[in-house]
Amino acid sequence: MCGRYSLTEALDVIVQHFLIQHVGPEVAAGYRPSYNVAPSQDVLVIGLRLGARAAALHRWGLIPGWAKDPSIGYKMINARAETVHERPAYRGPFRSRRCLIPADGLYEWKREGKRKQPYRFLMKDEKPFAFAGLWDEWRGPDGQTIRSCTIITTEPNELLATVHDRMPVILPPDAYDEWLDPRTKPDRLRALLVPYPAEQMKGYPVSPRVNSPANNDPELILPIV
């Protein structure tokens with residue numbers, strides 16, 4: 001699974017890196033770099049608006065439009081690549097509500113005896129990357145509207161397999177347009193949901209302080225010996 005990640009870059013850097021053309025006022029006002037992005041928080045996503053890439057803030061933990069209670073989102077932070085096209089909560093978003101979820105690192109935990117040691121994984125060039133995501137919109141009986149998202153996971157590559165049995169789907173930049181394009185066929189979409197090449201990534205152990213979402217500072221992404 002993917003239950004925590006980082007996105008420490010300033011908004012203008014992200015906009016330039018991902019060629020975002022539309023940035024809404026809620027993003028400009030609400031986005032904050034984070035060393036410890038956690039479920040239920042509002043996270044930056046990239047979708048399409050009039051055919052161009054647009055940034056938005058969505059709650060992490062997908063709430064299907066048909067859900068009776070938004071608390072279901074706490075259980076839906078990840079969607080499995082193997083079944084995402086057929087699960088009732090995800091098949092609609094998989095067809096027509098796909099997004100990129102920017103990050104610059106992800107955390108996974110390795111069991112070592114009686115404790116779990118957190119590790120951070122990132123690109124070797126340390127540049128931002130994007131998870132394959134889905135989003136949906138939920139409207140409550142009182143008129144409340146929540147837009148939410150989930151991160152798709154797959155089998156781990158050789159690097160992450162040393163720590164965990166799943167990893168988030170990281171899309172290569174040349175697949176961004178294809179993933180976002182509503183015309184892309186389901187078979188082609190599923191072909192994109194594969195482990196990212198291990199040789200392009202690196203990882204290292206980090207402080208257990210990352211275990212608590214209350215901690216959010218540069219120390220969390222530093223390697224420990």
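**Exercise 1. State how much surface the chain exposes and what carbon and sulfur supply.**

Solution. The exposed area is about 11,100 Å², and carbon and sulfur atoms supply 51% of it. Areas follow the Shrake-Rupley method with a 1.4 Å probe; for residues, only the protein chains shown count as cover. The model is predicted: local features need pLDDT of at least 70, side-chain atom pairs pLDDT 80 or more, while totals for chains, interfaces and linings use all residues. Residues are numbered from 1 along each chain as its sequence is written, and side-chain values use heavy atoms, without hydrogens and water.

**Exercise 2. Determine whether the chain is as compact as a globular protein of its length.**

Solution. Start with the elements: five helices and 14 strands, taken as DSSP runs (helices H or I, at least four residues; strands E, at least two) and numbered from the N terminus. The radius of gyration is 17 Å, close to the 17 Å from the globule rule for 225 residues, so the chain is as compact as a globular protein of that length. The radius is taken over C-alpha atoms; the rule is 2.2 Å times the number of residues to the power 0.38.

**Exercise 3. Analyse the aromatic pair of Tyr5 and Phe131.**

Solution. Rings of Phe, Tyr and Trp (its six-membered ring) pair if centres lie within 6.5 Å; planes under 30 degrees apart are stacked, over 60 edge-to-face, the rest tilted. The count is six aromatic pairs. Tyr5 and Phe131 are edge-to-face, 5.4 Å between centres and 80 degrees between planes. Tyr5 lies in strand E1 (residues 5-7) and Phe131 in strand E10 (residues 129-139), 126 residues apart. Tyr5, Trp60, Phe129 and Phe131 form one aromatic cluster.
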